[in-house]
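Student: I am new to this structure. Please pick a single part, look at it closely, and then show me what lies beyond it.

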Amino acid sequence: MSREMVRPGGRSARVQAGVHAAVRELSAEVGRDALTVPMIAQRAGVTPSTVYRRWGDLQELLSDVAVERLRPDTTPGDHGTLRSDLTAWAEQFLDEMSSPSGRAYVRDALLGDPDGGNAGRCSAYAAEQIDVILTRATERGEQTPAVETVMDRVVAPLMYRILFRPDGLDAAYARQLATGVLDESRPSTTGSSP
């Protein structure tokens, strides 16, 4: 058994971190379309064969970097109520994903992902964030929809619009989706009329 297999992180983690950093730096310097594997390898201090062996090709590398960039780096904000938390999260999600860099990361994440694993990871990031919001609301005693309901009624339409119909997409749309799913999940208060 090699030392690399026993040691957590180690050289493999350093190579990944160095190559990812090189992609981000070079993208900013020369633009994403000018990137080559030899250029990235040189910046990262590894051989091109190391990059090809680990990622296969440039598109798979860009896809891997994109998935990491799409991972949220903070816990959703606590604004005191489910409505406030979900609305703020939906607005932030829209803002980040609809930005030019967000759209590029989404595109790259999907392009280098023939088996759908990256799409699943990105979806899991959103589901984890929503789960935090819903768990917090449940702990406050609030009625909550299921995570999958929020994924279907908030995240899915936002991503569709971001990718295919971005014109006119704004924070009001994100708020409408968030409040809509909450209004639907409230127990109905129907009474019989006299």
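Tutor: Start with helix α4, which runs over residues 48–55. Keep in mind that this is a predicted model. Which residues of α4 are buried? They are Thr50, Val51 and Trp55. These residues span an arc of only 100 degrees around the axis, so they sit on the same side of α4. What do they pack against? The buried residues of α4 meet three helices: α2 (10–30), α3 (37–44) and α5 (58–70). Right after α4 comes Gly56. The phi of Gly56 is positive, near 90 degrees.

Now leave α4 and follow the chain to the loop between α2 and α3, where Arg32 lies. Side chains of opposite charge can pair when their charged atoms come close. Arg32 appears in two such pairs. One partner is Asp33, and here the closest N and O atoms are 3.0 Å apart. The other partner is Asp108, with 2.7 Å from N to O. This second pair links distant parts of the chain, since Arg32 is in a loop, Asp108 is in helix α7, and 76 residues separate them. How open are these three residues? Asp33 has 72% relative accessibility, and because exposed means over 50%, Asp33 counts as exposed. Arg32, at 23%, counts as partly exposed. Asp108 has a relative accessible area of 4%; buried means under 20%, so Asp108 is buried.

Two of these bridges are now on the table. How many does a search of the whole structure find? The total is 14 salt bridges. Another one joins the side chains of Asp85 and Arg136, at 3.4 Å from N to O. Asp85 belongs to helix α6 (residues 82–98) and Arg136 to helix α8 (residues 117–139), so this bridge ties together parts 51 residues apart in sequence. Both Asp85 and Arg136 are buried. The pair also belongs to a network: salt bridges with shared partners join Asp78, Asp85, Arg136, Arg140 and Glu142.

Gly77 comes into the picture here. Gly77 lies in the loop between α5 and α6. Leaving out residues up to four places away in sequence, Gly77 touches Asp85 and Arg136. Gly77 has a relative accessible area of 35%, so it is partly exposed. Compare its position with that of Pro166: the two are 89 residues apart in sequence, and their C-alpha atoms are 26 Å apart in space.

Next, the rings. A search of the whole structure finds two aromatic pairs. Trp89 and Phe93 make up one pair, and it is stacked, with 4.9 Å centre to centre and 20 degrees between the planes. Trp89 and Phe93 sit four residues apart in helix α6, so about one helical turn separates them. Trp89 and Phe93 are both buried. Tyr160 and Phe164 make up another pair, with centres 5.2 Å apart and planes at 50 degrees, so this pair is tilted. Tyr160 and Phe164 are four residues apart in helix α9, again separated by about one helical turn. Are Tyr160 and Phe164 buried or open to the outside? Tyr160 has 45% relative accessibility and counts as partly exposed. Phe164, at 58%, counts as exposed.

Tyr160 and Phe164 also lead to the surface. Which residues make the nonpolar patch there? Leu110, Tyr160, Leu163 and Phe164 do, and the patch covers about 410 Å². Helix α9 (residues 147–164) gives the most to this patch, with three residues. Leu110 comes from helix α7 (residues 100–111). Leu110 has a relative accessible area of 42%, so it counts as partly exposed.

How values were computed: Residues are numbered from 1 along each chain as its sequence is written. This is a predicted model: local features need pLDDT of at least 70, side-chain atom pairs count only at pLDDT 80 or more; totals for chains, interfaces and linings use all residues. Side-chain values use heavy atoms; hydrogens and water are left out. Patches are made of residues with over 30% relative accessible area and no salt bridge: like charges are joined within 9 Å, nonpolar side chains (Val, Leu, Ile, Met, Phe, Trp, Tyr) within 5 Å. Accessible areas come from the Shrake-Rupley method with a 1.4 Å probe; for residues, only the protein chains shown count as cover. A salt bridge is a side-chain nitrogen of Lys or Arg within 4 Å of a carboxyl oxygen of Asp or Glu. Helices (H or I, at least four residues) and strands (E, at least two) are DSSP runs, numbered from the N terminus. Buried means under 20% relative accessible area, exposed over 50%, partly exposed in between (1.4 Å probe, protein chains only). The arc is that of the directions from the helix axis to the C-beta atoms. Contact means heavy atoms within 4.5 Å. Rings of Phe, Tyr and Trp (its six-membered ring) pair if their centres lie within 6.5 Å; planes under 30 degrees apart count as stacked, over 60 as edge-to-face and the rest as tilted.
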